[in-house]
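Here is a short tour of the model for anyone who likes to start with pockets and contacts. Have a look at the structure first, then read on.

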Amino acid sequence: MQIIEFLLSLFVFILYLATASFYLIHFFTDSAWSLKAKRPLLIATFSAHLIFISALTAMNGYIPIASLYQIMTMIALTLSFVYLIIEFKTEAHETGGFVISLATLFQMISTIYFSTVKSIDPAIKNWIIEVHILTAFLGYSAIFIAGIYGMLYLILYRQIQSNHFGLLYQRLPNLEIMEKMSYTSIVHGFFFMSVAIVAGLIEIPRTHQSPSLLLTDPKLIGVLIIWTSYGIGLLVKIKLGWNGRKMAILFVAGLVLTFFSITFFNLFSARFH
């Protein structure tokens, strides 16, 4: 069973790699065949990944978040899900190669760190903890996407400022649309993380029988730092009118902080909390 699970994880990674390649090929070459094939391939990849996660959940009796391997594959799944929603809503598919490449990276980390979970924390079978976990993953994914958009915004902004109208200028949406897409992603991310924090504050001290865990768990501290940073950023945007380049820098910083929070803390812990 362990070998089959590893092979399925590897298969999902290969699908992500192929999907990211199709999106990037279309971005750099504007070929008709890659444009026609990339979205169906993404839907197929997401569907296969969802079936894989569903099988793990049914087999283990809990959402797969008990190890680094499981957490990384969940992040890849929620990233592709959030991006699919954005692509269908906006019909802006030019940024897909960058987002799906990040999902591919997470699935690759998951496959590299594949391992059989020998013991789990019974708390993860609690439905409130499941809400906490799923909304945290959705929040992370929205923040990652906002960070990618912020990075592309800064590159495009610099090209325009220097009158260098290269490939990014030709392929990407204009700055106004990029800013709107970033802001939409971060508002959703802040909402999901707010739900995750509230659910965590309610249930984690009770399930772990340790109220002090809220002050000592590095993962919870990381979530609170990210949530506070974006809360301040959104407040500054509303009250002081921050936009464009300043907000893009904030989004990129949030991406780096979130990636560090997820990968670094989970390298030294086998549990979600």
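Read from start to end, the chain runs α-α-α-α-α-α-α-α-α-α, with 10 helices and zero strands. Please keep in mind that this is a predicted model. Of the 273 residues in the chain, 50% are buried. Among contacts between residues at least 6 apart in sequence, 79% join residues at least 24 apart.

**The largest pocket**

- The largest pocket holds about 410 Å³ of space.
- Its lining is made of 16 residues, and the closest to the pocket centre are Ile86, Lys89, Thr184, Ser185 and His188.
- Three elements give two or more residues each to this lining: helix 3 (68-90), helix 5 (127-161) and helix 7 (175-208).
- Which helix gives the largest share of the lining? That is helix 7, with eight residues.
- By class, the lining of the largest pocket divides into nine nonpolar, four polar and three charged residues.
- Both domain 1 (1-123) and domain 2 (126-272) take part, with at least three residues of the lining drawn from each.

**The second largest pocket**

- The second largest pocket has a volume of about 150 Å³.
- Its lining consists of Phe46, Leu50, Ile53, Thr57, Ile63, Met74, Leu77, Thr78, Phe81, Leu134 and Leu138.
- At least two residues of that lining come from each of helix 2 (32-60), helix 3 and helix 5.
- How many charged residues does the lining of the second largest pocket have? There are no charged residues there, while nine are nonpolar and two are polar.
- Helix 3 and helix 5 are thus worth a second look, as each gives two or more residues to the lining of the largest pocket and at least two to the lining of the second largest pocket.

**Thr111 and its partners**

- Thr111 sits in helix 4, which spans residues 96-112.
- Is Thr111 buried or exposed? Its relative accessible area is 8%, which is under the 20% cut-off, so Thr111 counts as buried.
- The Thr111 side chain makes a polar contact with the side chain of Ser9, at 3.1 Å.
- Leaving out residues up to four places away in sequence, Thr111 touches Phe6, Ser9, Leu10 and Phe13. Ser9 therefore appears both in this list and as the polar partner of the buried Thr111.

**Val252 and its partners**

- Val252 belongs to helix 10, residues 245-267.
- With a relative accessibility of 17%, Val252 is also under the 20% cut-off, so Val252 counts as buried.
- Beyond its neighbours within four places in sequence, Val252 is in contact with Gly147, Gly150, Met151 and Leu154.
- Val252 and Ile145 are 107 residues apart in sequence, yet their C-alpha atoms are 9.6 Å apart in space.

**Asp30, in a loop**

- Asp30 is found in the loop between helix 1 (2-29) and helix 2.
- What is the sign of phi at Asp30? Phi is positive, about 60°, although Asp30 is not a glycine.
- The relative accessible area of Asp30 is 46%, which falls between the 20% and 50% cut-offs, so Asp30 is partly exposed.

Note on methods. Residues numbered from 1 in each chain as written. Predicted model: local features only at pLDDT ≥ 70, side-chain atom pairs only at ≥ 80, totals over all residues. Heavy atoms only, no water. 1 Å grid on protein atoms, 1.4 Å probe; cavity = no way out; pocket = protein on both sides within 12 Å on 5 of 7 lines; lining within 4 Å. Points joined across faces, edges and corners; volume = space filled by probe spheres on them. Helix = DSSP H or I, 4+ residues; strand = E, 2+ residues; numbered from the N terminus. Nonpolar A, V, L, I, M, F, W, Y, C, P; charged D, E, K, R; others polar. Domains from an automatic or database assignment. Buried < 20%, exposed > 50% of the residue type's maximum accessible area, 1.4 Å probe, protein only. Polar contact = N/O pair within 3.5 Å; in protein donor to acceptor, adjacent residues only side chain to side chain. Contact = heavy atoms within 4.5 Å.
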